[in-house]
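Visitor: I'd like a close look at one part of a model, and I'm new to this. Please take it slowly.

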Amino acid sequence: MKSVVEALLSQTIDTLKQQGVLAEDVSPRINLSNTKDKSHGDFACNIAMMLAKPAGMNPRALAEKIIEQMPKDPRISDTQIAGPGFINFFVDDSWLEKQVSLALADEHIGIKRTQAPQNIVVDYSSPNLAKEMHVGHLRSSIIGDAVVRALEFQGHNVIRQNHVGDWGTQFGMLLAYMEEQQNNGEALDLADLEGFYRASKGRFDESEAFANRARELVVSLQSGDEYCNKLWAEFNSISLEHCLELYKRLGVSLTAKDVRGESAYNNDLQSIVDALKEANLLTESNGALCVFLDEFINKEGEPLPIIVQKSGGGFLYATSDLAAIRYRAQQLNADRVLYFVDQRQALHFNQVFALAHKAGFASDQTSLEHLGFGTMNGADGKPFKTRSGGTVKLVDLLDEAEERAIALVRSKNPDMSEQELEQIGKVVGISAVKYADLSKDRARDYIFNFDQMLSFEGNTAPYLMYAYTRVASIFDKANLDMNSIQGDVKLDAEKEKDLANKLMQFPEILERISQRGQPHTLCSYIYEVAGLFSSFYEHCPILSAETEEQKMSRLRLAALTGKTIKQGLNLLGIETLERM
RNA sequence: GCGCUUGUAGCUCAGCUGGAUAGAGUACCUGGCUACGAACCAGGUGGUCGUAGGUUCGACUCCUACCAAGCGCACCA
């Protein structure tokens, strides 16, 4: 709906240019905002105030001119000048009613597919296969996945890339320990990956011979030794299985085919260095091959290096990241590459992106974007740890969330069967963890709190899921199908209009997510929808409405609400329940 | 030392790239179940938007300086 008004305004600006009221070269960004106060109409525009100065007019006079020249449109019932020069638009009720009916009839609930689909590579999750996934991987996995789903829903071609850490010095240690166990005739037990890592680290620290063997194995591995690679592949496939299980449990859409780890670029690394050399970007410094870019200066104003090859000949993560960029830009034809990686790597990505563009690994048309996120902290504001100060395993976190959720659901439903309790509790627990994270601006650190995320009050997953079950329950009672109901809607009560207006804002919310990669705006939106629905539900009887027509109209509005909440949560990777 | 991120109600967080009187939830107080699910709704108390300047019709938002917290800055990723 907003886009209709924007188009009208844009057309009016052109008219005013032709009339010479506005200069030809002004091209203002038309900024239409949703009003907070109903007396300001449905949309407000500040364009007259922006253009007043260049046009040499006072803002209110210009606003008047704009209104005068704007084509009359039956969808707009009134336009008014307010305050210093705002133009307020009042939407015609019948247009709003029509839009609700259309959205209800549309299988995509009124969200148009983008006219310009892009190839968007999204790099997210990317755990280190040497260890078990821990809480540090949670944010990347679920925020990335939410954005991926939103982009796909809009019609973009998304290419998931799970850039797992499956290469590097620590693998020597792991392989040496695997070898030792096999030589001792012990069965290989990788069920407890974390324990395995600790044990091999222990052997590495206590035995010189073991440590030497570990270093040997790294060299063999990297030079393509068959025996080593077999051990390595065995280890990785088991470790990857652990990840895939967690994705499944978390509702993260990554699969085995999305994995393209660091090792995939192993054979490209030398050619990356060669290309940099050819481009005259390479400098030797203290035996290492580096690139110095003018934009990046260190302390004392000295240039900051990007090291691409160690003095010993080994390559670094900057090298494989460059190789990955080249692959994504040139093989995958990416228009955008999004990286959901910890904020602490911002400098690294800034450097690598600048270099990739300079060296031509990615053209200037390829947008490389680091969408960083902050740290997950405990109640004390310090990084989330176990009581003993260790890293929290993701499995343990999810186990606890489920246990707490089951207890919570049980307390609300004393008569529910154990089986149903468990099934519902699991969904609620996982959803609560995901939603708590997704609902906060990713750039900030956030405080992880089980009690808060599992509360039914406030902006939480349980509240939204509850709101959905209330909608579902109405249709259950009316013996109707929420997904197939269609028809005209008549908006009489204020609560109905408020809800309908909010429902119509779904497209612009999605647009923002795809542009900025911030799922928390979708969370706020669904929360607002749920809140307006609760209010509508309280004040407008549905099943016992005064007339059959009103009842059907309200049912349709409720149906679109239910579908919107469900779709919204689905884009966040959160399931809905019909009962809870 | 240089750089990045963050600073908004007691607490947890929004604030739509400069708009109208800074918003939610929580906590606290008040009211509403013989009721489509009260896991809810309606209302109230609570703010020098870290500090100080600047830019302009207008600043939580942009610029500068400072303060505080977290994190990065040469062969780990």
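In what order do the strands of the open sheet of four strands come, and is the pairing parallel or antiparallel?

Guide: The order is S1-S2-S4-S3, and the pairing is antiparallel. Before we go on, keep in mind that this is a predicted model, where local features need pLDDT of at least 70, side-chain atom pairs count only at pLDDT 80 or more, and totals for chains, interfaces and linings use all residues. Residues are numbered from 1 along each chain as its sequence is written, chains are lettered from A and ligands numbered from 1 in the order in which they are written, and side-chain values use heavy atoms, with hydrogens and water left out.

Some vocabulary: strands (E, at least two residues) and helices (H or I, at least four) are DSSP runs numbered from the N terminus, and two strands pair if DSSP finds at least two bridges between them. At the edges of your sheet sit S1 (32-34) and S3 (76-82), each pairing on one side only. From one strand to the next, the twist averages 25°; such angles run from 0 to 180 degrees between N-to-C directions, using axes that are lines fitted to C-alpha atoms, for helices over the stretch in contact. Now zoom in on S3 and S4: six bridges join these antiparallel strands. Thr79, for instance, has Phe89 in S4 as its bridge partner.

S4 (86-91) also takes us to RNA strand B, since S4 is one of the elements that supply at least two residues each to the surface near that strand. "Near" has a cut-off here: one of the residue's heavy atoms lies within 4 Å. In total, 66 residues surround RNA strand B, with Glu262, Lys310, Asp441, Phe456 and Tyr537 the closest. Of the RNA atoms that come within 4 Å of the protein, sugar and phosphate account for 57%. The surface residues split into 26 nonpolar, 21 polar and 19 charged. In that count, Ala, Val, Leu, Ile, Met, Phe, Trp, Tyr, Cys and Pro are nonpolar, Asp, Glu, Lys and Arg are charged, and the others, Gly among them, are polar.

Helix H19 (520-539) gives the most to this surface, with eight residues. Helix H16 (461-478) contributes too, and the side chain of Lys477 has an N or O atom 3.1 Å from a phosphate oxygen of the RNA. Met580 works with its backbone instead, an N or O atom there lying 3.1 Å from a base nitrogen.

S8 and S9 are also on that list of contributors, and they belong to an open sheet of three strands, ordered S7-S8-S9 with antiparallel pairing. Its edge strands are S7 (282-285) and S9 (303-309), each pairing on one side only. Neighbouring strands are turned by 50° against each other on average, direction ignored. Helix H10 (residues 269-278) packs on this sheet, touching S7, S8 and S9 (contact means heavy atoms within 4.5 Å), and its direction makes about 135° with that of S9.

S7 and S8 form a hairpin with two residues between them, and Asn286 in the turn has a positive phi of about 50°. Four bridges hold this antiparallel pair, among them the one linking Thr283 with Cys290 in S8. On the other side, S8 (residues 288-297) is joined to S9 by five bridges, with Leu289 standing opposite Gln309.

Definitions and conventions:
Polar contact = N/O pair within 3.5 Å; in protein donor to acceptor, adjacent residues only side chain to side chain.
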